[in-house]
Amino acid sequence: MYDVVGKRNWYFALSALLTIPGLVFILLGGLKPSIDFTGGTVWQARYTSRPSADVMKAALVSLGHPDAQVRQVDNGYLELRTEPIDLAPAPTPIPTPAPTPTPAASSSGSAAASATVAASGSPVATPSASASAFGSGAAPSPSASPPVVAKGTEFAALQEKLVARFGAGEPRSVTTVGPIIGLELIRSSAILIIIGELFILGYLWVRFGFRFGTAAIIALLHDVIVVVGIFAILGYFFGLEFDALFVTALLTIIGFSVHDTIVVFDRIRENRVRHAGEPFGAIVNHSILQTIGRSINTSLTVVVTLTALLLLGPATIRTFALALLLGVVSGTYSSIFNASQLLVLWYEWDAKRRATRSAARTVKAAGR
């Protein structure tokens, strides 16, 4: 029978290799929150002269946006990010209602209006208030209808200046989030994750006991650190950002990891009755070998689906798919090779501590 438990130091070493670099890059500021958390205005557009990211950033800085960030995306588009810019036009003042005209005045006014329309041949057309500020020569994006920005806004004024410098712009998306909303989302996300962890810890303590519950929570923290750490590394080197869906992915990972851990712990509890008298490490080894096939097969079906979403799915959910993929793999690993091994280590340490105390008492009694 293969000794899984006996090689636990190798598993702990692998976990250290996965988590320590991630923690380092988290401290180095590798995590790149998206506009959902930081607040600001992000839009994608390409212009006739196809300026580079550096040229566009210099232009935005000269136009009064010193914190602007610009990066090249697909098909010649640039992604531009600045502090929050107003997309809504200024409110139109409500006109004061005119006094009700007398019947004689109403008749003369109607006659004058009819004469005006007759003379001109057609009513006068007013310009649309929702005309786009990306330039009249811009063609709509083939992948989506172009966003329409109302004239008279701060964003429209900025776009007119960019169009004057770089030619007609072809927009693809415009998003703005205020800083208050971003801070609220950060706070809500942290509260959700903490509450989820506490409820899981309470459930495991009630069902399996303090040691089982604590080992499961440590494994959960391992999975969260692995995912967040890898995103910090990717953000540090490649500028990968995480958005609000990332929090959803973390909560899903926590649930999936606990699901696998409970299966293993349930089998350990059953085998403690069936194999009474055997060392605890041997019981855990039996339990892991009995459940490892089921855990791996279940996870593989999810991994195949998530890999397809990551490679073939829309760009808007790729960050979500990547986080889930990393979490499912890490959760399966930690359920088998971390949570159970921590449990064995804890039981063996406690057994040695009790044996030492018992030996000390025996020596003390013999000395009397």
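# Briefing: strands, helices and side-chain pairs

Arg-50 is found in the loop between β2 and α3 (53-62). The model is predicted. The points below start from that loop, move to strand β2 and the helices, and end with the aromatic and charged side chains.

**The loop after β2**

- Arg-50 has a phi near 50°, a positive value in a residue that is not glycine.
- Most residues other than glycine have a negative phi.
- Arg-50 counts as partly exposed because its relative accessibility is 49%, and the cut-off for exposed is over 50%.

**Strand β2**

- Strand β2 covers residues 40-47, and eight of its eight residues are buried, so the strand is largely enclosed by the rest of the structure.
- The burial applies to both faces of β2: Gly-40, Val-42, Gln-44 and Arg-46 are buried on one side, and Thr-41, Trp-43, Ala-45 and Tyr-47 are buried on the other.
- Strand β5 (residues 169-177) runs antiparallel to β2 and is joined to it by eight bridges.
- In this pairing, Gln-44 of β2 stands opposite Ser-173 in β5.
- Strand β4 (residues 78-82) also pairs with β2 in the antiparallel sense, over five bridges.
- Here Ala-45 of β2 stands opposite Leu-78 in β4.

**Helix α7 and the residue after it**

- Helix α7 spans residues 210-238, which is 29 residues.
- From the first C-alpha of α7 to the last is 42 Å, close to the 42 Å expected at 1.5 Å a residue.
- Gly-239, just after α7, takes a positive phi of about 75°.

**Ala-244 in helix α8**

- Ala-244 belongs to helix α8 (residues 244-274).
- With a relative accessible area of 29%, Ala-244 is partly exposed.
- Ala-244 and Asp-36 are 208 residues apart along the chain, yet their C-alpha atoms are separated by 6.3 Å.
- Apart from its neighbours within four places in sequence, Ala-244 is in contact with Asp-36, Phe-37 and Leu-185.

**Aromatic pairs and charges over rings**

- The whole structure holds 15 aromatic pairs.
- One of them is Phe-208 with Phe-212, a stacked pair with 5.9 Å from centre to centre and 25° between the planes.
- Both of these rings belong to buried residues: Phe-208 has a relative accessible area of 11%, and Phe-212 has 4% relative accessibility.
- The pair of Phe-242 and Phe-246 is tilted, because the planes lie at 50°; the ring centres are 5.2 Å apart.
- Phe-242 and Phe-246 are both buried.
- One aromatic cluster is formed by Tyr-11, Tyr-333 and Phe-337.
- Lys-7 lies over the face of Tyr-2, 4.7 Å from the ring centre.
- Arg-211 has its charged end over the ring of Tyr-347, at 4.6 Å from the centre.

**Salt bridges**

- Side chains of opposite charge can pair when their charged atoms come close.
- Eleven salt bridges are found in the whole structure.
- One of them joins Arg-294 and Asp-260, at 3.3 Å from N to O.
- Arg-294 lies in helix α9 (residues 280-312) and Asp-260 in helix α8, so this pair ties together parts that are 34 residues apart in sequence.
- The partners differ in exposure class: Arg-294 is partly exposed, with a relative accessible area of 35%, whereas Asp-260 is buried, with 1%.
- Arg-269 forms a salt bridge with Asp-266, and the closest N and O atoms are 2.9 Å apart.
- Arg-269 and Asp-266 are three residues apart in helix α8, so about one helical turn separates them.
- Arg-269 counts as partly exposed, at 37% relative accessibility.
- In the salt bridge between Arg-274 and Glu-270, the closest N and O atoms are 3.9 Å apart.
- Arg-274 and Glu-270 are also both in helix α8, four residues apart, or about one turn of the helix.
- An α-helix has 3.6 residues a turn, so residues three or four places apart point the same way.
- Arg-274 is exposed, with a relative accessible area of 59%, whereas Glu-270 is partly exposed, at 35% relative accessibility.
- A network of salt bridges links Arg-211, Asp-350, Arg-353 and Arg-354.
- Arg-211 thus appears twice: in this network and over the ring of Tyr-347.

Notes:
Residues numbered from 1 in each chain as written. Predicted model: local features only at pLDDT ≥ 70, side-chain atom pairs only at ≥ 80, totals over all residues. Heavy atoms only, no water. Buried < 20%, exposed > 50% of the residue type's maximum accessible area, 1.4 Å probe, protein only. Helix = DSSP H or I, 4+ residues; strand = E, 2+ residues; numbered from the N terminus. Pairing = 2+ DSSP bridges. Contact = heavy atoms within 4.5 Å. Expected span 1.5 Å × (residues − 1). Phe/Tyr/Trp six-rings, centres within 6.5 Å; stacked < 30°, edge-to-face > 60°. Lys NZ or Arg CZ within 6 Å of the ring centre and 35° of its normal. Salt bridge = Lys/Arg side-chain N within 4 Å of Asp/Glu carboxyl O.
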